[in-house]
Amino acid sequence: MTGDARDLARLRTVADYQFGSGAGAALFPPDEDLEIKRTSTGRPQQVIAAGGRLVSHGTDGRFTLGLAGGRRLAAAFEPPAGRVVVGDESEPFVRDGRNVFAKFVDEVDPAVRPDDEVFVVHGSGELLGVGRAELSADAMTDFESGMAVKVRVGAGGE
């Protein structure tokens, strides 16, 4: 097993732990040629596919999603898993990389906790962006103010 293959096996395990069973195979299929960018010490830092950045691997051991990674997870998991759903009013703002505010959240995966990586989708299911949850799922649906998701990148920025 090559170094990249060993790293990808480890990264699949991390993805399954962070996002749920099946996430590792969805993000890093064994039959796909993926590029692993490394730090100067050799630690995997980013995983890139032909469609763009899938994830960045932080020093804390967690992944931050790229749009390509968000697309793969959205396709692999049945709603509402990992999703924060917004309506027409927020769609252009999130697509441009703006944050999601609680009063505009229509639905959310009930398992979402603060600091979880999530993908923001329109009610139609279209991916609008990826980012970090700032509130729990209950708070997102109950609050009338406050930031729900810190959007890292919007789908309009591709």
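Q: What makes β3 and β4 a pair of strands in this predicted model?
A: Three bridges join β3 to β4. At least two bridges are needed for two strands to pair, so β3 and β4, with three bridges, qualify as an antiparallel pair. Within this pair, Val-55 stands opposite Leu-65 in β4. The two strands form a hairpin with five residues between them, and Gly-61 in the turn has a positive phi of about 90°.

Q: How do you know that β2 and β3 pair, and in which sense?
A: β2 and β3 share four bridges in the antiparallel sense; the requirement is at least two, so the pairing is established. One of the facing positions is Gln-46, opposite Ser-56 in β3. This hairpin has two residues between its strands.

Q: What makes β1 a partner of β2?
A: Four bridges connect β1 with β2 (residues 44–49), again antiparallel, and the threshold of at least two is therefore met. Arg-38 has Pro-44 in β2 as its bridge partner.

Q: Why are β1 and β4 described as standing at the edges?
A: The open sheet has four strands in the order β1-β2-β3-β4. β1 (35–38) and β4 (63–65) each have a single partner strand, so one side of each lacks a neighbour in the sheet. On average, neighbouring strands are turned by 25° against each other, direction ignored.

Q: Which helix lies across β2, β3 and β4?
A: Helix α3 (residues 67–76) does, running at about 95° to β3.

Q: Why is the pair of Arg-72 and Glu-32 called a salt bridge?
A: The closest N and O atoms of Arg-72 and Glu-32 are 2.6 Å apart. The cut-off is 4 Å, so the pair counts as a salt bridge. Arg-72 lies in helix α3 and Glu-32 in the loop between α2 (23–27) and β1, 40 residues apart, and the pair thus links distant parts of the chain.

Q: Why is Asp-7 called buried, and Glu-32 partly exposed?
A: Asp-7 has a relative accessible area of 11%; buried means under 20%, so the term applies to Asp-7. Glu-32 has 25%, which lies between the limits of 20% and 50%, and Glu-32 is therefore partly exposed.

Q: What makes Arg-10 and Asp-7 a salt bridge?
A: Their closest N and O atoms are 2.9 Å apart, within the 4 Å limit, so the criterion is satisfied. Both residues lie in helix α1 (residues 3–19), three residues apart, about one turn of the helix.

Technical notes: Residues are numbered from 1 along each chain as its sequence is written. This is a predicted model: local features need pLDDT of at least 70, side-chain atom pairs count only at pLDDT 80 or more; totals for chains, interfaces and linings use all residues. Side-chain values use heavy atoms; hydrogens and water are left out. Axes are lines fitted to C-alpha atoms, for helices over the stretch in contact, and angles run from 0 to 180 degrees between N-to-C directions. Contact means heavy atoms within 4.5 Å. A salt bridge is a side-chain nitrogen of Lys or Arg within 4 Å of a carboxyl oxygen of Asp or Glu. Buried means under 20% relative accessible area, exposed over 50%, partly exposed in between (1.4 Å probe, protein chains only).
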